[in-house]
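Trainee: Please take a close look at one part of this model for me, then place that part beside a few others. I would like the reasoning spelled out.

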Amino acid sequence: MEVKWFSVKKKLILFSLLLLLIPLSIIIFFANGKVRETTEREYVNSSLREIEKLDNAISMYFKGIKEDLNTLATDPRVLKADSSIMTYKDIKGKGPPVQMTPSKNGAVEKEIYEVFSHFGKNHPDATYVYMGTEEGRYVQYPEGPTLPGYDPRMRPWYVTALEDPGEILMTGAYISSGLTHKIVSNVVTIERNGKRIGVMGLDVSLDGLTSLIQDVKIGGSGYVILTQSDGTIIAHPKKPELNLESISELNIPELGAIGQDGAFEAKVDGEESVLHVITSKNNNWKYISIIEKKDLAASADQIGQNLLIIGSLVVIIAIIISVFIIIRFTNNFRKLAKEMRKLEKLKTVSEIAASISHEVRNPLTVIKGFLQLLKESNLNEEDKMMYLAISLDELERAEHIITDYLTFAKPSLENVKVLDLAKELDYVLTVVSPYANMNNVHIEVFWEENLCISGEAAKLHQCLINVIKNGIEAMPEGGQLSVSLKKTGSKAWLSVTDSGTGMSEEQLERLGTPFYTTKDKGTGLGTMVVYSIVKAMSGEIKVKSEENKGTSFTIALPIAQNSQPKDGMKE
């Protein structure tokens, strides 16, 4: 049978595709999960790096402010502060704000104000520059309103400075008295000749910190919130109106008292987000980086898509290479198979010729010998008749060999009819019964009637006779031969089972091949004829055998028409 090379190519290409796609799909699946983990881990690392940069920038920012504050607190003009400086603590009542005019007041106050003014104009980040004295006097740049009864000694910034005299300290965020500015104060005590004369302050508006924090970018939608250690928001780039409010206003229960650093997931403004809390190394402030999970997922998906594109390109290139190799392989293999078929046909023809020549030569040699004997004039009539009988038997044997060969060589059916398989089997059993009796073999038959097949009666008889004869001859000491006929599905199954010598696995594998026989005087053509006829009738053969136990030879033939089975027994 010729191989369907197009089908082979498709199967090889499909196998190559599966070989590529299955591991690639597994790799992409696990890689995609790994990418998501890596993306979140990278977010944590990235936010840590960005916050470290921000913390260093803020630290440098306040370091400069502290240096400036120290310079101001030790300025000789500031150290001249005395009782001539204006005080507002004695202004009674709850009247309107009082306008401060240090630039127009006494000489000492005016000189101090000029120091503050010069500094403020050259340092735009300085919101307020001011000082309060131990007597409750107050100087501030820029000039502006203050509340009646304002006593600097009562303000948080003044109290904070007294906690550690001589050290520059930072207050918590607060709202300046009488104004709406939210500020953080840097303060230090003013010492003159070892005696404290007041407190110097330099304020930075939270708006300045917010602008610093707004420059920090975490992914596409990420941002950073800055809070005090007590949870007070110092700078919120998205919602500056929450500055100086408690962190509870963010409505993120997972933040709790913001006491512990680490990354976790929570809903922020209705969006699933990943948060990372980091404590500043300099002033214990807390940085909270926030990024939406969909932003992280988008990054992971983008990487996943890139992996998929790369994988697809690899698959396409691999398919092109595979198809090229497969086409080359199948073309070469087809040529090789074609040559092998030619060689096999030549070998078969050679074997057939050798076998036919050998098998036909034997009876011809016998006939030739007896014909030569018949020439002798001294032969009696009885010997002549015996020689003629033997010669005719040998001719019949030669004719049988040639008939088997022709049947094998041309197994196609010519006179096809609908045959009642039970009747045809009964006819064959009638023919072989004398042969069975002669070999002391008892035949038991079980059949179902009305099983019809399409076929040629003569070739069906030849096929069945060969099978049954083989079964009889497999029991040289006699025995029982079982023949059964039944319907299973759309096929008629005819089984011939003997209790003879049986066959080995090696013999079974070679059964039906050209000129293979297990008999001492066989040609192997009989079994080949059986296989050829059954194949021509669209049937199949199954053989089971076990050494010293027997062989079961089963033929399955398609049923030609519906039949009503009827059980019967014949012995």
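Mentor: A residue is called buried here if its relative accessible area is under 20%, exposed if that figure is over 50%, and partly exposed in between. The model is a predicted one. By that cut-off, V108, E109, I112, Y113, V115, F116, S117, F119 and G120 of helix α2 are buried. Helix α2 covers residues 107-122, and its length can be checked: its 16 residues, at 1.5 Å a residue, should span 22 Å, and the distance of 23 Å between its end C-alpha atoms agrees with this.

The part to look at closely is the sheet. It is open and has five strands, in the order β10-β9-β13-β12-β11, with antiparallel pairing. The edge positions belong to β10 (233-235) and β11 (262-268); each has a single partner strand, so each has one side without a neighbour in the sheet. From one strand to the next, the twist averages 35°.

At the β11 edge, the single partner is accounted for in some detail. Strand β12 (residues 271-279) runs antiparallel to β11, and seven bridges join the two. Among the bridge partners, A263 is matched with H276 in β12, and F264 is matched with L275 in β12. In a regular strand, side chains alternate between the two faces of the sheet. The connection between the two strands is a hairpin with two residues between them, and D269 in that turn has a positive phi of about 55°.

Two helices further along the chain can be set beside this, again by accessibility. Helix α5 (residues 293-374) contains I316. With a relative accessibility of 47%, I316 counts as partly exposed, because the value lies between the 20% and 50% limits. I316 also belongs to a nonpolar surface patch, together with I309, L313, I317, I320, I321, F324 and I325; the accessible area of the patch is about 800 Å² in total.

Helix α6 (residues 381-409) contains Y387. Its relative accessibility is 13%, so Y387 counts as buried. Y387 and G369 are 18 residues apart along the chain, and their C-alpha atoms are separated by 9.3 Å.

To return to the sheet: β11 is an edge strand with a single partner, and the seven bridges to β12 are what join it to that strand.

Note on methods: Residues are numbered from 1 along each chain as its sequence is written. This is a predicted model: local features need pLDDT of at least 70, side-chain atom pairs count only at pLDDT 80 or more; totals for chains, interfaces and linings use all residues. Side-chain values use heavy atoms; hydrogens and water are left out. Patches are made of residues with over 30% relative accessible area and no salt bridge: like charges are joined within 9 Å, nonpolar side chains (Val, Leu, Ile, Met, Phe, Trp, Tyr) within 5 Å. Accessible areas come from the Shrake-Rupley method with a 1.4 Å probe; for residues, only the protein chains shown count as cover. A salt bridge is a side-chain nitrogen of Lys or Arg within 4 Å of a carboxyl oxygen of Asp or Glu. Helices (H or I, at least four residues) and strands (E, at least two) are DSSP runs, numbered from the N terminus. Buried means under 20% relative accessible area, exposed over 50%, partly exposed in between (1.4 Å probe, protein chains only). Two strands pair if DSSP finds at least two bridges between them. Axes are lines fitted to C-alpha atoms, for helices over the stretch in contact, and angles run from 0 to 180 degrees between N-to-C directions. The expected span of a helix is 1.5 Å times one less than its number of residues.
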